[in-house]
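Colleague: Could you walk me through this model, one question at a time?
Modeller: Happy to, so let's look at it together.

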Amino acid sequence: MRTARTLGMGSRVPISSWYPRPHGREGEIREGFLSAEELALLAEGRAPRIRLSPRALADATALAHGAYTPLRGFLGREAWGTVAHEMRLPDGTLWPIPIGLAPLEEEVKALGGAEEALLLDPSGAPVGQLVLEEVYRVDPLVEAERVYGTTDPSHPGVVRTLEEGPFRVAGGVRLVLRDSGILTPLEVRSEAGRRGWRRMAGFQTRNPLHRAHEYLTKVALEVTDGLLLHPLVGETKEDDVPAEVRLECYRVLLDFYYPRRRVILSGFPAPMRYAGPREAILHAICRKNYGCTHFVVGRDHAGVGSYYGPFDAHRLLETHEEEIGIELLYFDNAFWCRRCQSMATEKTCPHGREERVSLSGTRVRALLSRGEAPPPEVTRPEVAEVLLRAVAGWDGGRRDG
């Protein structure tokens, strides 16, 4: 079987019957890669340029990798409308979030009648090609209201959508595949198959793993053959822990607390939208594309602040679980119980709140900023050490600056 490293836009690869069919009617992973030589030729020509924002670059990478199968590129006007209002692609396939490319007005004017555009990363370096299909306008407020359930600019996903403005460009995406250590869906499927896994649980996170996360993933490992530990490494909020620090935390945990042969660690290239229930559906669909037969859904999945209820994502996922096509593992908030002397949830622990040790991300960051390690009931000492070193480096950088 050919690997993702050698495939071009729209290439199709046979899928092992062990794993769920990729999302969509075709049931095949759709990738979009081009060679460095092809990119160099495009950059030397007169193709118009579009500079990608960090969020757009993350979306383009997810498209090129096939994570957003059945999408092969940024959505057009019709698809934007059906997805925003109905959570459906025009052919009826479940898809919860419009994946659109928002160029600047001057970039739109430069497109003219071009058939392709050169895609640049946020620094201005060429990274890929957009095969132009359509330029159109949307109402960002409508997108915000439908996707996030609010137009409050304090919401991190809403403010990004409003900043993008009204223009959208549709078309197929091809990128040069970077040697970033991020596995594509086909590569994850291949590695899981090589290990003989027939049941694989996916775990989404944008934070360093704490004891509650560890508990959820190990419960998932009890009922599957392996775990795809799949931290999101695209754009996140400014106060989230940087991806490289989070990855170091995961590696430390794998070294000391997990059976290594039963875990695949790889970054998930998409951006974080903080869209709560709708984004939970997107995360589940994407993990199906990576070959997961199970997906862990925790409390307030993909939420932020108090915009969504703790189990809103569970309820929306339950409505669409059969259509998503994999088994969803729903969990309540996990905590350390002093009386039980173990991790637990409301489903397994009879003791009161006074016996529970559970810290929010905000409180953990406050402890770290004072140079204090979170308690071992919340964070493994090895992880706390990584975080304390990182925080000291950030503080030193600010003082030096």
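Colleague: Which residues of α6 are met by Pro 140, Leu 141, Glu 143, Ala 144 and Tyr 148 in α5?
Modeller: Keep in mind that this is a predicted model. Helix α5 spans residues 140-148, and five of its residues listed in your question make the contacts with α6. Their partners in α6 are Gly 157, Val 158, Thr 161 and Leu 162.

Colleague: How are α5 and α6 oriented to each other, roughly parallel or roughly antiparallel?
Modeller: Two packed helices are described by the angle between their axes and the distance between the axes. Here the axes of α5 and α6 lie 9 Å apart, and the angle is about 155°. Angles over 145 degrees count as roughly antiparallel. The helices α5 and α6 are therefore roughly antiparallel.

Colleague: And what is the handedness of the crossing where α5 passes α6, left-handed or right-handed?
Modeller: The sense of a crossing depends on whether the near helix is turned anticlockwise or clockwise from the far one. For α5 passing α6, the crossing is right-handed.

Colleague: Staying with α6, what separates Glu 163 and Arg 160 along the helix?
Modeller: These two side chains form a salt bridge, with the closest N and O atoms 3.7 Å apart. Glu 163 is exposed at 56% relative accessible area, while Arg 160 is partly exposed at 26%. Both sit in helix α6 (residues 156-164), and because they are three residues apart there, the separation is about one helical turn.

Colleague: Which residues are linked in a network of salt bridges?
Modeller: Side chains of opposite charge can pair when their charged atoms come close. One pair to start from is Arg 168 with Glu 164, whose closest N and O atoms are 3.6 Å apart. The network that holds this pair consists of Arg 55, Glu 143, Glu 164 and Arg 168.

Colleague: Is Arg 168 buried or exposed?
Modeller: Its salt-bridge partner Glu 164 is partly exposed at 21% relative accessibility. For Arg 168 the value is 2%, and buried means under 20%. Arg 168 therefore counts as buried.

Colleague: How many residues of strand β5 are buried?
Modeller: Strand β5 covers residues 167-175 and is largely enclosed by the rest of the structure. That description follows because the buried count is nine of the nine residues.

Colleague: In what order do the five strands of the open sheet with mixed pairing run?
Modeller: The edge strands are a good handle: β1 (49-51) and β2 (73-74) each pair on one side only. Inside the sheet, β3 (residues 116-120) is joined to β4 (residues 126-137) by five antiparallel bridges. Two bridges join β2 to β5, also running antiparallel. Put together, the order is β1-β3-β4-β5-β2.

Colleague: How many bridges join β4 to β5?
Modeller: One place to see this pairing is Gly 128, which stands opposite Leu 175 in β5. The strands β4 and β5 run antiparallel, and the number of bridges joining them is nine.

Colleague: What is the bridge partner of Gly 73 in β5?
Modeller: Gly 73 falls within edge strand β2 (73-74). The strands β2 and β5 run antiparallel and are joined by two bridges. The partner of Gly 73 in β5 is Gly 172.

Colleague: There is another open sheet, made of three strands; what is its order?
Modeller: In this sheet the edge strands are β12 (342-344) and β13 (356-357), each pairing on one side only. Strand β11 (residues 335-337) pairs with β12 over three antiparallel bridges, and Phe 335 stands opposite Ala 344 in β12. The order is β12-β11-β13.

Colleague: Is His 65 buried or exposed?
Modeller: His 65 belongs to helix α2 (residues 54-65). Beyond residues up to four places away in sequence, its contacts include Ile 29, Phe 33, Leu 177, Ile 182 and Pro 269. With a relative accessible area of 5%, His 65 is buried.

Colleague: One last one: which residue does Arg 30 meet in a salt bridge?
Modeller: Arg 30 counts as buried at 13% relative accessibility, whereas its partner is partly exposed at 43%. The N to O distance in this salt bridge is 2.8 Å, and the partner is Glu 26.

Conventions:
Residues are numbered from 1 along each chain as its sequence is written. This is a predicted model: local features need pLDDT of at least 70, side-chain atom pairs count only at pLDDT 80 or more; totals for chains, interfaces and linings use all residues. Side-chain values use heavy atoms; hydrogens and water are left out. A salt bridge is a side-chain nitrogen of Lys or Arg within 4 Å of a carboxyl oxygen of Asp or Glu. Buried means under 20% relative accessible area, exposed over 50%, partly exposed in between (1.4 Å probe, protein chains only). Helices (H or I, at least four residues) and strands (E, at least two) are DSSP runs, numbered from the N terminus. Two strands pair if DSSP finds at least two bridges between them. Axes are lines fitted to C-alpha atoms, for helices over the stretch in contact, and angles run from 0 to 180 degrees between N-to-C directions. Angles under 35 degrees count as roughly parallel, over 145 as roughly antiparallel, 65 to 115 as roughly perpendicular and the rest as oblique. Contact means heavy atoms within 4.5 Å.
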